[in-house]
Amino acid sequence: MTQPSPTALTRVSRNRSFGGWQDVYRHTSTVLNCEMNFGVYLPPQAETQPCPVLYWLSGLTCTEQNFMTKAGAQQYAAQHGLILIAPDTSPRGCNLPGEDDDWDFGTGAGFYLNATQEPWAKHYRMYDYVVSELPEAIAANFPIQPGCQSISGHSMGGFGAIVIALKNPGQYKSVSAFSPIVTPSQVPWGQKAFSNYLGTNPDDWQEYDPLHLIKTSSEQLRLLIDQGDADSFLGTQLQPSVFADACHAASYPLTLRMQPEYDHSYYFVASFIGEHLAYHAAALVE
């Protein structure tokens with residue numbers, strides 16, 4: 001197996017898991033102007049051959065740890081031979097005014113976009129980090145199969161996965177999400193983030209609004225969404241039915257599964273993560 005370059009990445013932890021390795025690495029991000037952690041699960045197959053990659057984007061308040069420790073994804077990644085990459089959800093330690101005032105904005109709430117407003121623009125560029133800088137670091141240090149990557153996420157991360165897939169045709173083989181924020185311009189979480197990161201003109205928000213992007217998408221990449229019908233944020237922050245209507249109007253291939261009695265937690269994610277990894281493996285392992 002290709003070993004990570006010690007000059008580029010510093011390994012923070014390593015744990016054996018389902019015949020592979022669950023690692024955490026730290027590196028200096030030039031895009032975000034800070035130190036960043038990310039999780040990497042290397043399945044047993046990575047010992048002898050290149051493997052496809054699934055990027056997982058976590059939600060509000062999360063770090064790289066939540067998915068790794070709560071989703072139970074490693075056993076399925078080992079079965080399918082998938083490398084899992086779980087970045088943090090925002091820059092850390094930038095000491096910006098107001099950065100730590102709210103749980104749904106600033107630290108732990110990068111929203112996977114490129115901020116244009118001060119003081120956020122210098123650091124809060126999670127879109128470029130996930131789309132370009134992190135994949136370049138992964139490709140340089142791990143045995144990945146070129147051209148074989150997919151993306152998924154939960155809540156804010158589900159929003160990020162959908163937006164990134166729609167804005168980068170040809171870069172991902174598949175996309176899925178759990179409880180994603182799919183109408184950000186219409187709900188408090190999205191409006192708060194967009195107005196602060198992108199400015200108060202709603203026209204400037206369209207670049208990261210799935211409702212707008214679905215209308216202009218040049219690629220019909222099939223999308224799987226799982227949503228619990230007992231999610232306390234369902235009507236106020238998520239609104240999947242509104243997004244489903246937009247997909248239908250645009251003839252975009254969406255599979256929306258409403259799961260009875262499931263909420264917004266990682267208990268929900270863990271219940272269906274095996275199906276999502278099988279879905280991505282079908283697109284990645286050809």
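This note goes through the aromatic rings of a predicted model, and the charged side chains placed over some of them.

1. Aromatic pairs overall. Searching the whole structure gives 19 aromatic pairs. Two of them are described below, one edge-to-face and one tilted.

2. Tyr25 and Phe142. The ring centres of Tyr25 and Phe142 are 5.4 Å apart, and their planes meet at 70°. Angles over 60 degrees count as edge-to-face, so this pair is given that label. The two residues come from distant parts of the chain, 117 residues apart. Tyr25 belongs to strand S2 (residues 20–29), while Phe142 is in the loop that runs between helix H3 (126–141) and strand S6 (144–153).

3. Burial of that pair. Tyr25 has a relative accessible area of 2% and is buried. Phe142 is also buried, at 4% relative accessibility. Both values fall in the buried class because the cut-off is under 20%.

4. Tyr262 and Phe268. Here the ring centres lie 5.6 Å apart with the planes at 45°, so the pair is tilted. Tyr262 is partly exposed, its relative accessible area being 29%, whereas Phe268 is buried at 1%.

5. An aromatic cluster. Tyr262 and Phe268 also belong to one aromatic cluster, together with Trp56, Phe67, Phe178 and Phe272.

6. Charges over rings. Two cases can be checked in the model. Arg14 sits over the face of Trp21, 4.4 Å from the ring centre. Lys167 is placed over the face of Tyr208, at 5.2 Å from the centre of that ring.

Methods. Residues numbered from 1 in each chain as written. Predicted model: local features only at pLDDT ≥ 70, side-chain atom pairs only at ≥ 80, totals over all residues. Heavy atoms only, no water. Phe/Tyr/Trp six-rings, centres within 6.5 Å; stacked < 30°, edge-to-face > 60°. Helix = DSSP H or I, 4+ residues; strand = E, 2+ residues; numbered from the N terminus. Buried < 20%, exposed > 50% of the residue type's maximum accessible area, 1.4 Å probe, protein only. Lys NZ or Arg CZ within 6 Å of the ring centre and 35° of its normal.
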